[in-house]
Amino acid sequence: MRQLLSLRRSLVSIRFSSYSVSSGATVSHDWPNPPVPAENVDVTIAGGGLVGSAMALAFAASPFFKNRKIVLLESQSKLPNVSKNQPYSNRVCALNTQSVNLFRKLGAWDLMKSVRVQKVSRMQLQDEKVNLQTGLLIAADGYQSSIREMAGISTIQWNYDQFGIVATLQLADNTPDNVVAWQRFLPTGPIACLPLSNTHSSLVWTVPKSMHKSMMNLTDEQFVDEINKAFTSDTYKQDVVVSMTDRLRSYWQQIIPASPTISQWPPTIINIEPRSRAAFPLSLLNANQYVRPRLALVGDSAHRIHPMAGQGVNMGFGDVECLVKVLEQAVRDGADFNSLTYLVDYERQRQAQCLARLLSIDALNRLYSTKFTPVVALRSIGLSFVNEFSPFKKFFAKQAASSTS
Amino acid sequence: MSILFRSLSKFLPRLRSITVLSRPLSVQSSVDPDEVNRFRQLSSSWWNETGEYAALHSLNQLRIPFVREQLLQSSTQTNDVIKPLKGFKLLDVGCGGGILSEPLARLGASVLGIDAVSENISTARFHIEPSLKHNLNYKDVTLEELCENVEHIEKYDAIIASEVVEHINDVDSFIGNIGKLLKPKGLCFITTLNQTAASYFLGVIAAEYIFRIVPPGTHTWNKFIRPSDLVILFEKNGFSVLVNNGMVYNPITNRWSWSTSKAINYAICAAKN
């Protein structure tokens, strides 16, 4: 995916009601006598972020759900203003091929590409306490999911000793076509720069916990200096490793023809967008169960990954695609779409794929966090080899893009 | 030695004889009273998808598409995607708690479920959701009793007897009765167990005592019927067999799949001539 976009909560014309509820909303299972007259709905999606909205859109676009009542719950009562002229948000994601195909299928891709506001019809924004009785609850409420906690679903999780710092960067005027995503593995953590347009890029910088406060306290100019230094400085390279890599490279280039690699310098940053710098703690999380009777977890509430490979929200979109496919199959088979048999099908497919990805990115993080020279040598040589030997490079690129073709 | 052999011989599995091949069975009803008693005790756990009937719930993933596709192939109606079986009249024989009847009704068909055990019928009726009340009905009768009611003769587009004939004494007259209730060119669907060594060790012993997929004592191997015998009975009663496929169950994942082997479970679809 050469062009990366800033995806905010742009809602298209969807036949569903959106309620704004206080963040103190509770989920209770009162049966058979709820205390207050409740509204009956078929599916409730808790959380109107990227994944929750995509889930709602997927239901709206599915012919099997056209007669169902779908409710999306979101705690922010203001619809974000999506426009080409507004500054970019500092939360950016890279969409892989699978996600793009999903949005193309849902009819949202053209809108997302143009980043224009489209009138949303049949939306009700209400700031009241609502009592809902739902057939199926889909939890899309992030990695600290309160629904998951309330359901008592245990998780495997550990904190990385790292924080992720994000910012929107302004590039120097003489930057050529800004279509390359950069990532450099520093001993302190990877720093990545994702292109937004020819003048702007998005920063995702993983730093150790001990460093993040000082990074946040720097002035904008000092911060920009740090970023430029991180991308270009050679102080991080170990001489032994560099010479070893060069020597090995000269050997294998005599045997294996090196595919031409285009060398480009990383972009020079001149400024950051005001107030776009933010930091958040990083952790890995995987819920031990993705489903319960009448409950399904999607997105970060089910699994949370290190941001270094840009996989997090793509895994969430993968969940959306899988869950809708499974539920459509349930409807085609005449089953009650809350049927646990079908929810378990979703869980089995997604847990296998997500856990594998979580753990391999975790391993990669560990590999790149060490300064131990032999390991550094091995990984440098490995990376150069992959970079120059095109079948390998294609394989890894395809994995990252999750393209099924 | 011979005395020992004689006392042991009653434990040898007896091959089930078909009426058309040997001795006559004069039974008024195809229902066995012991079978009826066994199911009475189990009626309360029908709708727990992870309970005793988990395998029947997951079998829906195979048998609903099977019924749906065969019915849609034989008809020229244009269908809507959510209720493709609208306009079809179906009879579910031995419906139990309604595990198969409900999805069929949800797909738009007008379904009658019958079962000899009245507790099953009460369970099934209790479970009907409001949106299905107008096209899903249950009756506490046997197939023979239904045949005596002139209203039901030649009324149904399809009759499904899934996991039922292995509990029945006289399969020949059972199929004959099904033929009476079907419209001409109507379809009959049967899923059942084969009578082989594999079905004894895996379908009875392993399923009932080791994996506990079904409660012990659910099945009597002597009553299992071979696909070839069932085909003969169908043809004798004026049917042509359209589909005859094996099914296999994975007890670890609780999932069924179609198989080329009919050694344990199989499904037949036959059309009335």
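## Cysteines

Across all chains of this predicted model, the number of disulfides is zero. In chain A, A:Cys354 takes part in no disulfide, and the nearest cysteine sulfur, which belongs to A:Cys322, lies 8.9 Å away. Since a disulfide calls for two cysteine sulfur atoms within 2.5 Å, the separation of 8.9 Å between the sulfurs of A:Cys354 and A:Cys322 does not qualify. The residue A:Cys354 is itself buried, with a relative accessible area of 1%.

In chain B, B:Cys147 is likewise in no disulfide, and the nearest cysteine sulfur, that of B:Cys188, is found 12 Å away. B:Cys147 is also a buried residue, its relative accessible area being 11%.

## Chain B: overall make-up

Chain B is built with nine helices and eight strands. Of its 273 residues, 53% are buried. When contacts in chain B are restricted to residues at least 6 apart in sequence, 72% of them join residues that are at least 24 apart.

## The sheet of chain B

Eight strands of chain B form an open sheet with mixed pairing, and their order across the sheet is E3-E2-E1-E4-E5-E8-E6-E7. From one strand to the next, the twist averages 20°. Which strands stand at the edges? These are strand E3, residues 136-139, and strand E7, residues 255-259, of chain B; each has a single partner strand, so that one side of each is left without a neighbour in the sheet.

Strands of a sheet pair through backbone hydrogen bonds, and the pairing can be parallel or antiparallel. Both arrangements can be followed in chain B. Strand E1 of chain B, residues 89-93, runs parallel to E4(B) and is joined to it by three bridges, and within this pairing B:Leu91 has B:Ile159 of E4(B) as its bridge partner. On the other side of the strand order, E4(B) and E5(B) also run parallel, with six bridges joining them, and B:Tyr156 has its bridge partner in E5(B), namely B:Leu182. Strand E4 of chain B, which covers residues 156-162, is mostly covered, as seven of its seven residues are buried.

At the end of the order that is closed by E7(B), strand E6 of chain B, residues 239-250, is joined to E7(B) by five bridges, and these two strands run antiparallel. Here B:Gly246 stands opposite B:Ser259 of E7(B). Helix H9 of chain B, residues 227-236, lies across strand E5 (182-193), E6 and strand E8 (265-272) of chain B, and its direction makes an angle of about 10° with E8(B).

## A helix pair in chain A

In chain A, helix H7 (residues 239-255) and helix H10 (residues 373-388) have axes that come within 9 Å and cross at roughly 35°. The crossing in which H7(A) passes H10(A) is right-handed.

On the side of H7(A), the contact is made by A:Val240, A:Val241, A:Met244, A:Thr245, A:Leu248, A:Arg249, A:Trp252 and A:Gln253. Facing them from H10(A) are A:Thr373, A:Val376, A:Ala377, A:Ser380, A:Ile381, A:Ser384, A:Phe385 and A:Glu388. By character, the residues of this contact divide into nine nonpolar, five polar and two charged.

## Selected positions in chain A

The residue A:Val51 belongs to helix H1 of chain A, residues 50-61, and is buried, with a relative accessible area of 10%. Leaving aside residues up to four places away in sequence, A:Val51 touches A:Val298, A:Gly299, A:Val313, A:Gly316, A:Phe317 and A:Val320. A:Val51 and A:Ala140 are 89 residues apart in sequence, while their C-alpha atoms are 6.4 Å apart in space.

In strand E2 of chain A, residues 39-46, A:Thr44 has its place, and this threonine is buried at a relative accessible area of 3%. With residues up to four places away in sequence not counted, A:Thr44 touches A:Val71, A:Leu73, A:Leu132, A:Thr134, A:Leu136, A:Leu137 and A:Ile138.

Is A:Gly107 buried or exposed? This glycine sits in the loop between helix H2 (97-106) and helix H3 (109-114) of chain A, and because its relative accessibility is 56%, A:Gly107 counts as exposed. A:Gly107 is 49 residues from A:Ala58 in sequence, and the distance between them in space, C-alpha to C-alpha, is 9.6 Å.

Definitions and conventions:
Residues numbered from 1 in each chain as written. Chains lettered and ligands numbered in written order. Predicted model: local features only at pLDDT ≥ 70, side-chain atom pairs only at ≥ 80, totals over all residues. Heavy atoms only, no water. Buried < 20%, exposed > 50% of the residue type's maximum accessible area, 1.4 Å probe, protein only. Pairing = 2+ DSSP bridges. Helix = DSSP H or I, 4+ residues; strand = E, 2+ residues; numbered from the N terminus. Axes fitted to C-alpha atoms, helices over the stretch in contact; angles between N-to-C directions. Contact = heavy atoms within 4.5 Å. Left-handed = near helix turned anticlockwise from the far one by under 90°. Nonpolar A, V, L, I, M, F, W, Y, C, P; charged D, E, K, R; others polar.
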